[in-house]
Amino acid sequence: LLVFAAFLLWQLIACRNRVTDHYDDYSHWVLEIKNMVIFGAIPNALEESTVYFRNYPPATALFAYYWNWLAGALNEGDMFRSINLMMVSMLLPLVSGVEWKHWKSILPLCAVCILLPLVFSSDCYNSLLVDSLLGCVAVYPVYFVYVSPEKKETLPVCCLSLFTLALIKVSGVGIALIV
């Protein structure tokens, strides 16, 4: 929880007054969230929607929409915060087993949590592209299977993770099958 709070604080500061500067963010991701705010519905099936790519699943857009809804206004910084927190929260179970008496091991594990998404894309914290998020969500069920003390918890958590993969991007279906 402390690591999550520290990352959230970093995101609140780092994404303040952020605006998108990536073509794909303009052409789809921000546009989809903006349409959700304007129409109050998932824009893929709406006739009056201005979204070009209607076959993209809405998982990240819904998460970013609710961040903006809670903030009370459309804010691109909140869009960045939402996807970055979703990415890192899939990796935070790495630090869950650390006890206070071994607090020095938190630092390298936190570094792994923050640096691992950069393996998938060096621009992962600066754009709304979901490719790094796909990698992080794919890693989560694999890690959970190996560390879960209760095997009866494993199947529901893995199924929900794989279902989320399929709702992030169409290619997430294939990744879910591989996982």
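How many aromatic pairs does the structure contain? The count comes to eight aromatic pairs. This is a predicted model, and the tour below starts with those rings before moving on to the core, the empty spaces and a few single residues.

**Aromatic rings**

Let's begin with Phe7 and Tyr125, whose rings form a tilted pair, 6.4 Å from centre to centre and with 55° between the planes. Phe7 belongs to helix α1 (residues 2–14), while Tyr125 sits in the loop between α5 (106–120) and α6 (131–147), so this pair ties together parts that are 118 residues apart in sequence. Is Phe7 buried or exposed? With a relative accessible area of 5%, Phe7 is buried. Its partner Tyr125 is buried too, with a relative accessible area of 11%. Phe7 and Tyr125 also have company, as ring pairs link them with Trp10 into a cluster.

A second pair joins Phe53 and Tyr56. Their ring centres are 6.0 Å apart and the planes meet at 35°, so this pair is tilted. Here the surroundings are open to some degree: Phe53 counts as partly exposed at 39% relative accessibility, and Tyr56 is partly exposed with a relative accessible area of 24%.

One ring has a charge for a neighbour. The charged end of Arg18 sits over the ring of Phe80, at 4.0 Å from the ring centre.

**The nonpolar core**

In soluble globular proteins, nonpolar side chains tend to be buried together. In this model, the largest nonpolar core has 35 residues. Which residues have the most contacts inside the core? They are Leu128, Leu133 and Ile168. The elements giving two or more residues to this core are α1, α2, α3, α4, α5, α6 and α7 (151–168). Of these, α4 gives the most, with eight residues.

**A cavity and a pocket**

Searching the whole structure turns up one cavity of 30 Å³ or more. The largest cavity holds about 70 Å³ of space. Its lining is made by Trp29, Ile33, Thr60, Ala61, Ala64, Met79, Ser82, Ile83, Leu128 and Val130. Two or more of the lining residues come from each of α2 (23–39), α3 (59–71) and α4 (76–91). By class, eight residues of the cavity lining are nonpolar, two are polar and none is charged. Leu128 is worth a second look, since this residue lines the cavity and is also among those with the most contacts inside the largest core.

The largest pocket has about 410 Å³ of space. Its lining counts 19 residues, and the closest to the pocket centre are Leu1, Leu2, Val3, Val95 and Ile106. Helices α1 and α5 are the elements that give two or more residues to this lining. The classes here are 17 nonpolar, one polar and one charged.

**A few residues to look up**

The loop between α1 and α2 offers two stops. Asn17 is found there, and this residue has a positive phi of about 60° although it is not a glycine. Asn17 is exposed, with a relative accessible area of 66%. Val19 is found in that loop as well. Is Val19 buried or exposed? Val19 is exposed, because its relative accessible area of 54% is over 50%.

Helix α3 carries two aromatic residues to look at. Tyr66 lies in this helix and counts as partly exposed at 46% relative accessibility. Trp67 is found in α3 too, and at 22% relative accessibility Trp67 counts as partly exposed. A value of 22% is not under 20%, so Trp67 does not count as buried.

If you like to check distances in your viewer, the table lists three C-alpha to C-alpha separations involving Val19, Trp67 and Tyr66.

| Residues | Apart in sequence | Apart in space, C-alpha to C-alpha |
|---|---|---|
| Val19 and Gly72 | 53 residues | 17 Å |
| Trp67 and Gly77 | ten residues | 9.9 Å |
| Tyr66 and Asp24 | 42 residues | 21 Å |

To pull the threads together, the Phe7 and Tyr125 pair ties helix α1 to the loop between α5 and α6. Helix α1 also gives residues to the lining of the largest pocket and to the largest core. Helix α4, in turn, gives the most residues to that core and takes part in the lining of the largest cavity.

Notes. Residues are numbered from 1 along each chain as its sequence is written. This is a predicted model: local features need pLDDT of at least 70, side-chain atom pairs count only at pLDDT 80 or more; totals for chains, interfaces and linings use all residues. Side-chain values use heavy atoms; hydrogens and water are left out. Rings of Phe, Tyr and Trp (its six-membered ring) pair if their centres lie within 6.5 Å; planes under 30 degrees apart count as stacked, over 60 as edge-to-face and the rest as tilted. Helices (H or I, at least four residues) and strands (E, at least two) are DSSP runs, numbered from the N terminus. Buried means under 20% relative accessible area, exposed over 50%, partly exposed in between (1.4 Å probe, protein chains only). A charge sits over a ring if NZ of Lys or CZ of Arg is within 6 Å of the ring centre and within 35 degrees of the ring normal. On a 1 Å grid over the protein atoms alone, a cavity is a set of points where a 1.4 Å probe fits but cannot get out, and a pocket is an open set with protein on both sides within 12 Å along at least five of seven lines; lining residues have an atom within 4 Å of a point. Grid points are joined across faces, edges and corners, and a volume is the space filled by probe spheres set on the points. Ala, Val, Leu, Ile, Met, Phe, Trp, Tyr, Cys and Pro count as nonpolar, Asp, Glu, Lys and Arg as charged, and the others, Gly among them, as polar. A nonpolar core is a set of buried Ala, Val, Leu, Ile, Met, Phe, Trp, Tyr and Cys residues joined through side-chain atoms within 4.5 Å.
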